[in-house]
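Colleague: Please take a close look at one part of this model for me. Start with the surroundings of the ligand, then show me what else the chain builds.

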Amino acid sequence: MNKILYTLLSVFIFISCETDSTKKVITTERIPNSFAIVIHGGAGGIKRKYFNEEQQNAYAQKLEEALNAGYTVLENGGVSLDAIQVAINVMEDSPLFNAGKGAVYNSEGNQEMDAAIMDGKTLNSGAIAGVNHIKNPILAARMVMDSSKHVMLSGKGAEIMAKSYGIEMVDSSYFFTKKRLNQLRKIQGKEEIQLDHTAFLMKHELIDDHKFGTVGAVAIDKNGNIAAGTSTGGMTNKKYGRIGDVPIIGAGTYANNLTCGISATGTGEYFMRTVAAHEVSSLIQYKGLTAEEALHEVLFNQIGPLGGEGGMILIDKNGDVSWDFNSTGMFRGYKKSDGDTKIEMFEKPE
Ligand code: ASP
């Protein structure tokens, strides 16, 4: 009998050691009725020293406004899809970010915007690409998800449908910003595309010209449903007709209640080639990685070596928030129902 007990104990100890040394075991569970939202306003060569106090405050305030808008929806029992939508609307309406009002210019001197939204409960998704008359592209992505049998509509077709559903349309002049045009003029004619925030790394670039970025949000509501959304003007000097990672479900945007929700920002082509957001989700689901490990693997071992840069925000099925980036900085913030909240913009804290 003693011998049997001893053998069982040895096996147990062996399994415990094996588990501890090979991977982290996720033991936490979602606190009932808890909720959270995380947002980003783009990644790139963002360093604190490039921003004066006034500029830092302007960003912090807008991020806070977006977070609070989404948080209020969740607090009042609203669904995560609505929460991310209102948070993204706030950033789309601000010229500070590369989405909606602040969208960057393509090589022809026009804006073409992409957006996507995904429901982690049903895996329903909607996306639009290459539009330039829809004031809030994330609303049109939601319309595609809710009101069509499709996942992605592009260009004129997307605009016609958005209009027929009463989504606010604007003249393309609404998206004009002198700063954005200056960014384009500096690289137009070159075979170069530029991450919005990286604009300031260019010589002689004025600080005011590079305070913009793709926007995204991920939320989990009181029922534990996760949603993710992203909206962008793409990359400065991109080719006419170029579509980035943002509206590609699984590349720049992904949500699945089994794992997590993710919104990405960065050099889109690399996020498409690595199917980045879905890859993070799969690493969590099938390889048992923690969210932090999965983000690190994709950003630093897959996207980085290919030459890509950017970041991702994430909420997992337990309501835990994570983010990571391999660029210098990323505008980012979160707010959780346990009172934990943070807004960061620049280099990772030491
Ligand atoms: N990922 C976006 C794109 O490639 C750009 C960005 O995140 O700033 O279109």
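Modeller: The shell around the ligand divides into three nonpolar, 12 polar and two charged residues. This is a predicted model, so keep that in mind as we go. Of the 17 residues around the ligand, five come nearest: Thr214, Gly234, Gly244, Thr265 and Gly268.

Now the sheet. Eight strands form an open sheet, and their pairing is mixed. Read across, the order is β4-β3-β2-β6-β5-β1-β11-β12. The edge strands are β4 (152-154) and β12 (341-344), and each of them pairs on one side only. From one strand to the next, the twist averages 10°.

Look at one pair inside that order. Strand β2, residues 113-119, runs antiparallel to β6, and six bridges join the two. Here alanine 115 stands opposite serine 231 in β6.

Next, the helices. Helix α2 (residues 53-75) lies across four strands: β1, β5 (215-220), β11 (329-336) and β12. The angle of α2 to β1 is about 150°. Helix α4 lies across β2, β3 (125-131), β4 and β6. Its angle to β3 is about 135°.

Helix α4 also has a helix partner. The axes of α3 (residues 80-92) and α4 (residues 137-147) come within 8 Å and cross at roughly 145°. From α3, the residues Gln85, Ile88, Asn89 and Glu92 take part in this contact. They meet Pro137, Ile138 and Arg142 of α4. By class, the contact has three nonpolar, two polar and two charged residues.

Finally, turn to two loops. Most residues other than glycine have a negative phi. Asparagine 33 has a positive phi of about 70°, although it is not a glycine. You find asparagine 33 in the loop between α1 (2-22) and β1 (36-44). Asparagine 237 also has a positive phi of about 70°, and it is not a glycine either. Asparagine 237 is placed in the loop between β6 (226-232) and β7 (253-256).

Are these asparagines buried or exposed? Count the C-beta neighbours inside 10 Å. Asparagine 33 has 11 of them, so it counts as exposed, because the limit for exposed is 12 or fewer. Asparagine 237 has 24, so it counts as buried, because buried begins at 20 or more.

Key: Residues are numbered from 1 along each chain as its sequence is written. This is a predicted model: local features need pLDDT of at least 70, side-chain atom pairs count only at pLDDT 80 or more; totals for chains, interfaces and linings use all residues. A residue is near a molecule or strand if its C-beta atom, placed from the backbone, lies within 6 Å of it. Ala, Val, Leu, Ile, Met, Phe, Trp, Tyr, Cys and Pro count as nonpolar, Asp, Glu, Lys and Arg as charged, and the others, Gly among them, as polar. Axes are lines fitted to C-alpha atoms, for helices over the stretch in contact, and angles run from 0 to 180 degrees between N-to-C directions. Two residues are in contact if their C-beta atoms, placed from the backbone, lie within 7 Å. Two strands pair if DSSP finds at least two bridges between them.
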